[in-house]
Amino acid sequence: MPSLSWRVWPAIVQLFLPSAVIAEDPLLDGWHDVWFFRFLVNMLGYATIIVPGYFLISYFKRSNYLDRGSGLCYPLIKTCVFGGEDKSVLLDDVSVSSRNEPDSGSSLKQALKLIFCAAGLQVSYLTWGVLQERVMTHSYGAMSPDQEGESFKDSQFLVFMNRILALTVSGLCCILFKQPRHGAPMYKYSFASLSNILSSWCQYEALKFISFPTQVLAKASKVIPVMLMGKLVSRKSYEYWEYFTAVLISVGVSMFLLSSTTSKHPSTVTTFSGIIILVGYIVFDSFTSNWQDNIFKYKMSSVQMMFGVNLFSCLLTVGSLLEQGAFFDSLAFMTRHSEFAFHAVLLSVCSACGQLFIFYTINQFGAAVFTIIMTLRQAFAILLSCFLYGHSVNIVGGFGVAVVFLALFLRVYARSRMKSARQSVLPQKV
């Protein structure tokens with residue numbers, strides 16, 4: 001029976017991935033290294049935690065636990081399953097007004113704050129992008145250019161490293177700084193955690209099959225699926241200019257992808273697997289942002305959101321890693337290659353600091369300024385990656401990149417114009 005399963009699995013994998021795709025990737029040593037198989041194994045690991053949790057939550061809700069519950073576990077179960085506040089108490093009613101009030105400080109102080117936020121975001125995420133590409137596309141331990149070295153393949157461990165540090169940082173912020181009384185049932189964070197884990201896994205895994213500039217442009221194009229998810233999950237409606245800029249983004253990305261596939265440089269080849277993984281990343285990430293918007297209807301701060309999502313992310317990833325035996329294998333890889341250990345820790349530090357800079361920038365200057373800073377960061381990331389790792393972009397691809405960023409700036413400009421128009425009309429109604 002075991003020998004039969006070893007014959008069946010390659011046939012199943014071949015249904016999803018052409019043999020040419022498997023053969024073209026030097027990182028694949030056999031069918032068990034195919035990304036789709038690893039994705040299924042990870043999902044099975046998450047299911048061993050999610051399925052029992054689902055049945056427990058259903059049991060507590062059906063059994064009227066709030067009325068009859070007591071004992072040491074009662075506060076924990078109440079917080080995890082039922083929450084502490086009613087959904088009608090919104091955070092927006094408490095803190096959004098204070099967040100939107102103009103700062104009474106001097107223009108110089110505001111300018112220094114803006115420079116601090118922009119520099120923090122650029123340094124955190126540019127460093128994070130460079131390290132991400134280094135870890136996933138280069139080997140460790142080679143003493144000379146002729147030696148191959150050893151490649152790190154477990155994207156899930158890198159996701160866990162990022163999440164455990166982000167959990168620590170957000171937990172310290174919750175302890176040291178006053179937060180609003182938390183009201184959301186904790187289990188609701190698990191939905192965003194699962195999709196966030198999967199999107200991060202796809203982000204790391206895609207770099208085995210595509211170039212970093214392609215991945216950056218795919219992130220920029222996630223405006224389109226975010227809009228689709230917004231209509232499906234949150235029943236949102238959009239303006240005509242949002243659809244127009246979404247079409248521009250898709251055209252620019254298509255031009256870049258079509259131009260990059262003709263390149264003979266091995267680091268810029270975009271494979272079928274890479275495109276599928278990127279689609280997965282965009283879908284999962286779009287669901288994460290829309291689900292988090294849903295949870296924000298409860299009374300909570302951004303740091304509390306960060307803590308809740310990362311808490312479940314750590315539980316899911318460490319459980320799956322331990323079940324697969326990959327956790328200790330990855331730790332052994334870290335002990336063998338100190339350079340990788342340094343890169344993994346620095347990657348996690350940049351990710352956690354970047355999240356804090358995101359919350360601070362939006363709180364101080366609003367979403368429009370933050371979007372402009374991050375759009376510039378994406379452009380700088382492409383240039384930096386091409387300079388450091390030798391990616392080539394031809395004229396058609398460069399024009400596609402320009403179209404994408406033009407569309408992104410048009411979105412920011414149109415949104416700011418609409419916001420200012422609404423604010424000017426508001427006093428006339430009062």
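A salt bridge is here a side-chain nitrogen of Lys or Arg within 4 Å of a carboxyl oxygen of Asp or Glu. By this rule the count comes to four salt bridges. The model is a predicted one.

**Overall make-up**

The protein has 430 residues, of which 46% count as buried. Its secondary structure consists of 18 helices and zero strands. Among contacts with a separation of 6 or more, 83% are between residues 24 or more positions apart. About 22400 Å² of the protein is exposed, and carbon and sulfur atoms supply 68% of that area.

**Salt bridges**

Three of the pairs are listed below, including the N to O distance for each.

| Pair | Distance, N to O |
|---|---|
| Arg 38 and Glu 205 | 1.7 Å |
| Glu 150 and Arg 336 | 2.7 Å |
| Lys 208 and Glu 205 | 3.1 Å |

The side chains of Arg 38 and Glu 205 meet at 1.7 Å, N to O. This pair links distant parts of the chain, with Arg 38 in helix α3 (residues 35-62) and Glu 205 in helix α9 (residues 189-206), 167 residues apart. Both Arg 38 and Glu 205 are buried. For Glu 205 the relative accessible area is 0%, so the residue falls in the buried class, for which the limit is under 20%.

Glu 205 also forms a salt bridge with Lys 208, where the closest N and O atoms are 3.1 Å apart. Lys 208 counts as buried because its relative accessibility is 12%. Arg 38, Glu 205 and Lys 208 are thus linked in a network of salt bridges.

Glu 150 pairs with Arg 336, with 2.7 Å between the closest N and O atoms. Here too the pair links distant parts of the chain: Glu 150 lies in the loop between α7 (107-137) and α8, Arg 336 in helix α15 (residues 326-336), and 186 residues separate them. Glu 150 is classed as partly exposed because its relative accessibility is 29%. Arg 336 has a relative accessible area of 47% and is therefore partly exposed as well.

**A nonpolar surface patch**

Leu 172, Ile 175, Leu 176 and Phe 177 make a nonpolar surface patch of about 480 Å². One of these residues, Leu 176, is found in helix α8, which covers residues 155-176. Leu 176 is exposed because its relative accessible area is 64%, and the exposed class begins over 50%.

Notes
Residues numbered from 1 in each chain as written. Predicted model: local features only at pLDDT ≥ 70, side-chain atom pairs only at ≥ 80, totals over all residues. Heavy atoms only, no water. Patch = residues over 30% accessible without salt bridge, like charges linked within 9 Å, V, L, I, M, F, W, Y side chains within 5 Å. Areas by Shrake-Rupley, 256 points an atom, 1.4 Å probe, with all protein chains shown as cover. Helix = DSSP H or I, 4+ residues; strand = E, 2+ residues; numbered from the N terminus. Buried < 20%, exposed > 50% of the residue type's maximum accessible area, 1.4 Å probe, protein only. Contact = heavy atoms within 4.5 Å.
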